[in-house]
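Grab a pencil and work through these exercises one at a time. Try each task yourself before you read the solution.

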Amino acid sequence: MILEKESAPNFTLLNDDEKNISLSDYTGKWVLLYFYPKDDTPGCTAEACTLRDNFPFYEDTGISIIGISKDTPISHKRFKEKYDLPFTLLSDTEGSTAKTYGADGLLGTKRISYLISPEGLISKAYPKVNPATHAQEVLEDLKQLKT
């Protein structure tokens with residue numbers, strides 16, 4: 001896992017439209033980078049839908065959301081359409097980005113998130129995410145970080 005105050009390693013992965021997206025594309029913005037095990041499973045759906053439901057608050061505070069799993073761009077596209085997810089999902093089919101961020105596990109991708117500052121530093125690491133409360137937790141942490 002990457003520690004707070006460290007630089008967030010850059011990566012380039014395919015999104016649900018099969019376009020390359022890099023973390024460096026978000027330089028100058030707050031980013032919630034969240035890793036999750038699998039599209040359309042109960043915990044992952046709960047987390048994604050809670051983020052979706054709080055998305056207006058994320059927009060208002062200037063946070064971009066990026067979800068990463070080992071699923072394919074086609075799987076991400078179906079997942080986004082099924083649940084009307086308004087944020088970016090990226091495919092890490094080889095698991096290299098998950099490994100870099102300490103989100104790879106014996107049973108698949110771990111549910112880990114990072115709040116990344118506009119300067120590209122890890123402002124907050126979330127090693128154990130509760131899918132039902134994580135979206136609100138990040139918003140509260142950002143309020144404290146901005147003061």
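**Exercise 1.** Is D17 buried, partly exposed or exposed?

*Solution.* Before we start, a word on the ground rules: this is a predicted model, where local features need pLDDT of at least 70 and side-chain atom pairs count only at pLDDT 80 or more, while totals for chains, interfaces and linings use all residues. Residues are numbered from 1 along each chain as its sequence is written, and side-chain values use heavy atoms, with hydrogens and water left out.

Step 1: get the cut-offs. Buried means under 20% relative accessible area, exposed means over 50%, and partly exposed is in between (1.4 Å probe, protein chains only).

Step 2: apply them. D17 has a relative accessible area of 42%, so this residue is partly exposed.

**Exercise 2.** Find the salt-bridge partner of D17 and say which parts of the chain the pair ties together.

*Solution.* Step 1: recall the rule. A salt bridge is a side-chain nitrogen of Lys or Arg within 4 Å of a carboxyl oxygen of Asp or Glu.

Step 2: look for the partner. D17 pairs with K77, and their closest N and O atoms are 2.8 Å apart.

Step 3: place both residues. Helices (H or I, at least four residues) and strands (E, at least two) are DSSP runs, numbered from the N terminus. K77 sits in helix α3 (residues 73-83) and D17 in the loop between β1 (12-15) and β2 (20-22), so the bridge ties together parts 60 residues apart in sequence.

Step 4: check K77 too. With 31% relative accessibility, K77 is partly exposed.

**Exercise 3.** Work out where R111 and E47 lie, and whether they are buried or exposed.

*Solution.* Step 1: check the distance. The closest N and O atoms of R111 and E47 are 2.9 Å apart, and the two form a salt bridge.

Step 2: place them. R111 is in the loop between β7 (108-109) and β8 (112-116), and E47 is in helix α1 (residues 42-53), so this pair ties together parts 64 residues apart in sequence.

Step 3: look at accessibility. Both R111 and E47 are buried.

Step 4: put the pair in context. The structure holds 7 salt bridges, and another one joins D53 to R52, again with closest N and O atoms 2.9 Å apart.

**Exercise 4.** D39 has a charged side chain; what does this side chain make a polar contact with?

*Solution.* Step 1: locate D39. You'll find D39 in the loop between β3 (30-35) and α1.

Step 2: look for an opposite charge. Lys and Arg count as positive, Asp and Glu as negative, and His and the chain ends are not counted. D39 is buried but has no salt bridge, and the nearest side chain of opposite charge, K38, is 7.0 Å away.

Step 3: try polar contacts. These are pairs of N or O atoms within 3.5 Å; within protein, one must be able to donate a hydrogen and the other to accept it, and residues adjacent in sequence count only if both atoms are side-chain atoms. The side chain of D39 makes one with the side chain of H76, at 2.9 Å.

**Exercise 5.** Describe the surroundings of I68.

*Solution.* Step 1: place I68. This residue is in strand β4 (residues 63-69), and its 0% relative accessibility makes it buried.

Step 2: list contacts, meaning heavy atoms within 4.5 Å. Beyond neighbours within four places in sequence, I68 touches several residues, including F11, L13, Y34 and F35.

Step 3: compare sequence and space. I68 and L13 are 55 residues apart in sequence, yet their C-alpha atoms are 9.0 Å apart.

**Exercise 6.** Classify the ring pairs that Y101 makes with F11 and with F35.

*Solution.* Step 1: learn the rule. Rings of Phe, Tyr and Trp (its six-membered ring) pair if their centres lie within 6.5 Å; planes under 30 degrees apart count as stacked, over 60 as edge-to-face and the rest as tilted.

Step 2: take F11 and Y101. Their centres are 6.1 Å apart with 80 degrees between the planes, which makes the pair edge-to-face. F11 lies in the segment before β1 and Y101 in the loop between α4 (96-100) and β6 (104-105), so parts 90 residues apart in sequence are tied together.

Step 3: take F35 and Y101. Here the centres are 5.5 Å apart and the planes are at 40 degrees, so the pair is tilted.
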